[in-house]
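Student: I would like to go through this model step by step. Where should we begin?

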Amino acid sequence: MNSTTKLRELITSRQIARFAGAHDPLSASLVEISGFDGVWASSFTISAANGLPDMSLLSMADFLEAAGRMAAVCSVPILADCDTGFGGAPNVAYLVQRYEAAGVAGVCIEDKLFPKTNSFVDRRQELLPVDEFARKIEAGKNAQRDPDFVLVARTEALIAGHDVQEALHRADAYVDAGADMILVHSKKDSPREVIEFLDAWQARAPVVVVPTTYHDWHVTDAQSSGVSLVIYANHALRAAIRSMYRVLTSIESTGTSTAVEDLISPVSEVFELTHLDKWLHLENR
Ligand code: SPV
Ligand code: MG
C-alpha cells in the first residue's frame with residue numbers, strides 16, 4: 001500500500017493514531033520500531049539537529065532532503081512539517097509536488113507569517129490573514145497528483161494569543177479551502193482550550209494535536225475528546241541531547257567510557273538498525 005493511502009487510512013480510522021517526531025532517518029527508524037503509526041518530520045528538531053533554531057533558516061530543499069531520506073528507510077508514513085510553506089501559494093504548490101515525489105505521505109503548513117519562529121519561543125507570533133492562507137491550501141491541494149496525499153492545515157491562532165473562536169473560524173475556512181486535516185496547536189499546560197476547540201468543532205475534519213506542554217493528557221482521553229492524530233513532536237531529539245551529554249561528560253571527566261557502557265547501544269545494535277546484513281548480502285551475491 002502507498003504511504004499516502006496508509007496515512008489517509010490512519011487519519012480516517014476511528015482509532016486514534018500516534019506519530020513521533022524525527023530529525024533524521026535513524027531517529028525516524030526508531031520511531032517506527034518503537035511502534036508509532038508514523039513519523040513527524042519536525043522543523044524544530046531538524047533545525048536543531050543542524051545546530052540551528054527553528055526560525056525559517058533552513059530552506060525547503062533542506063527540509064525536503066531530510067523528510068525524503070526518512071521516507072526512504074521507513075515503512076510507516078512520513079508527515080512533513082513544512083512551516084509556513086516556504087513562501088506564497090506557488091511555493092506551496094511546488095512543495096506539494098516535490099514532497100509527493102520524494103515519497104512523503106503528507107505535509108503540514110501553518111498560518112503564521114514568514115519567517116516564523118517556533119511556537120514555544122516567547123515573542124510576538126503573527127498570523128497571515130485567513131484568506132491568504134486559504135489560497136495557499138487551495139494551491140497545494142490543486143497541485144497534488146496522488147489523490148491520497150494529505151495536506152494538514154495548522155492554525156497557530158491559540159499560539160498567537162487569539163481565542164478558540166478565532167481558531168474555529170480559521171479551521172473552518174481551511175477545510176473549505178480543501179485541507180484534509182486541522183492541526184490546532186496550543187502551548188498551555190492543560191488541554192482545556194484544545195478540548196473547547198474539539199467540542200465546538202464537531203469533527204468537521206480530523207484533528208491533530210501536539211501535546212508538548214500539556215504532556216499529561218493521556219492518549220485515550222485525547223481519543224475520547226475527538227482527536228484523530230497525536231504527535232509527540234520533539235521527544236526523540238530531547239532524549240538524544242540528554243543522553244549524549246550525559247555520556248560525553250562522563251567520558252570526559254572520568255577518563256574512560258566504562259561508567260557509561262550500560263547506557264549506550266552496543267555497536268551491534270547500530271549494525272542492526274542500519275540493516276548491515278541486508279547490505280552485506282547484496283555484496284556477496
Ligand atoms: C515541530 O516539531 O517543528 C513543530 C511542533 O512544529 S512545535 O515545535 O511544537 O511547534
Ligand atoms: Mg515545526
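Student: Which oxygen-bearing partner lies 2.8 Å from a polar side-chain atom of histidine 185?
Tutor: The model is a predicted one. A pair of N or O atoms counts as a polar contact within 3.5 Å. The pair here, at 2.8 Å, joins the side chain of histidine 185 to an oxygen atom of ligand 1.

Student: How much of the 280 Å² that ligand 1 exposes when taken alone does the protein bury?
Tutor: Besides the histidine 185 contact at 2.8 Å, an oxygen atom of ligand 1 is 3.1 Å from an N or O atom in the side chain of serine 43. For the side chain of serine 119, the corresponding distance to an oxygen atom of ligand 1 is 3.3 Å. Of the area that ligand 1 exposes when taken alone, the protein buries 100%.

Student: How do the residues of the shell around ligand 1 divide into nonpolar, polar and charged?
Tutor: Among the residues surrounding ligand 1 are Trp40, Phe44, Asp81, Asn118, Arg154 and Ala233. Ser42 and Phe120 also belong to these surroundings. By class, the shell divides into 4 nonpolar, 5 polar and 2 charged.

Student: Which cavity does ligand 1 take up?
Tutor: The surroundings of ligand 1 include Ser43, Ser119 and His185. The space that ligand 1 takes is the largest cavity.

Student: What is omega for the peptide bond between phenylalanine 114 and proline 115?
Tutor: Most peptide bonds are trans. Proline 115 lies in the loop between β4 (106–110) and α6 (130–143). The bond that joins phenylalanine 114 to proline 115 is cis, with omega about -5°.

Student: What is the phi of aspartate 83?
Tutor: Most residues other than glycine have a negative phi. Aspartate 83 sits in the loop between β3 (78–81) and α5 (89–101). Although not a glycine, aspartate 83 has a positive phi of about 50°.

Student: What distance separates the centres of domain 1 and domain 2?
Tutor: The domain assignment gives domain 1 as 3–234 and domain 2 as 242–284. Taken over C-alpha atoms, their centres are separated by 32 Å.

Technical notes:
Residues are numbered from 1 along each chain as its sequence is written. Chains are lettered from A and ligands numbered from 1 in the order in which they are written. This is a predicted model: local features need pLDDT of at least 70, side-chain atom pairs count only at pLDDT 80 or more; totals for chains, interfaces and linings use all residues. Side-chain values use heavy atoms; hydrogens and water are left out. A residue is near a molecule or strand if one of its heavy atoms lies within 4 Å of it. A polar contact is a pair of N or O atoms within 3.5 Å; within protein, one must be able to donate a hydrogen and the other to accept it, and residues adjacent in sequence count only if both atoms are side-chain atoms. Accessible areas come from the Shrake-Rupley method with a 1.4 Å probe; for residues, only the protein chains shown count as cover. On a 1 Å grid over the protein atoms alone, a cavity is a set of points where a 1.4 Å probe fits but cannot get out, and a pocket is an open set with protein on both sides within 12 Å along at least five of seven lines; lining residues have an atom within 4 Å of a point. A molecule sits in a cavity or pocket if more than half of its atoms lie within 2 Å of its grid points. Ala, Val, Leu, Ile, Met, Phe, Trp, Tyr, Cys and Pro count as nonpolar, Asp, Glu, Lys and Arg as charged, and the others, Gly among them, as polar. Domain bounds come from an automatic or database domain assignment. Helices (H or I, at least four residues) and strands (E, at least two) are DSSP runs, numbered from the N terminus.
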